[in-house]
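Trainee: I should be grateful for a close look at a single part of this structure. Could you please take me through it in one connected account?

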Amino acid sequence: MKLNLLSCDAQRPDRRAIANCIAEVSSSISDSLANELMDILLEGDPVEIEVSDKNSGSALRALRKLDIDYEIVE
């Protein structure tokens with residue numbers, strides 16, 4: 001399943017938690033790439049990631065907990 005991460009609405013976003021979440025839920029993103037994607041997301045640009053179907057429910061919960069708005073592409 002593909003997700004577009006649109007924005008982070010948290011008043012004081014936890015940068016490390018967001019990067020860790022992106023690295024954990026995505027199927028093929030390294031820690032360094034997750035940090036880059038987190039920076040892009042917090043600047044206001046959307047980011048597309050791929051999530052394995054078996055982890056999709058927990059991935060969506062983790063994103064909601066971090067106040068990250070997303071849309072399901074596929």
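Mentor: What follows is an account of the sheet, together with the helix that lies across the sheet and the charged pair that involves this helix.

Please keep in mind that the model is predicted. Strands of a sheet pair through backbone hydrogen bonds, and they may do so in parallel or antiparallel fashion. Here, three strands form an open sheet in the order β2-β1-β3, and their pairing is antiparallel. At the edges stand β2, residues 47–50, and β3, residues 68–72, each of which pairs on one side only. From one strand to the next, the twist averages 35°.

Consider next the pairing of β1 with β3. Strand β1 covers residues 2–8, and five bridges join this strand to β3, the two running antiparallel. As one point of reference, S7 stands opposite D69 in β3.

Helix α1, residues 15–25, lies across β1, β2 and β3. Its direction makes an angle of about 40° with β2.

Helix α1 also takes part in a charged contact. Side chains of opposite charge can pair when their charged atoms come close. The structure holds one salt bridge, in which the side chains of R15 and D39 meet at 2.4 Å, N to O. Because R15 belongs to helix α1 and D39 to helix α2, residues 31–43, the pair ties together parts that are 24 residues apart in sequence. How exposed are the two partners? D39 has a relative accessibility of 30% and therefore counts as partly exposed. R15, at 43%, likewise counts as partly exposed.

Note on methods:
Residues are numbered from 1 along each chain as its sequence is written. This is a predicted model: local features need pLDDT of at least 70, side-chain atom pairs count only at pLDDT 80 or more; totals for chains, interfaces and linings use all residues. Side-chain values use heavy atoms; hydrogens and water are left out. Two strands pair if DSSP finds at least two bridges between them. Helices (H or I, at least four residues) and strands (E, at least two) are DSSP runs, numbered from the N terminus. Axes are lines fitted to C-alpha atoms, for helices over the stretch in contact, and angles run from 0 to 180 degrees between N-to-C directions. Contact means heavy atoms within 4.5 Å. A salt bridge is a side-chain nitrogen of Lys or Arg within 4 Å of a carboxyl oxygen of Asp or Glu. Buried means under 20% relative accessible area, exposed over 50%, partly exposed in between (1.4 Å probe, protein chains only).
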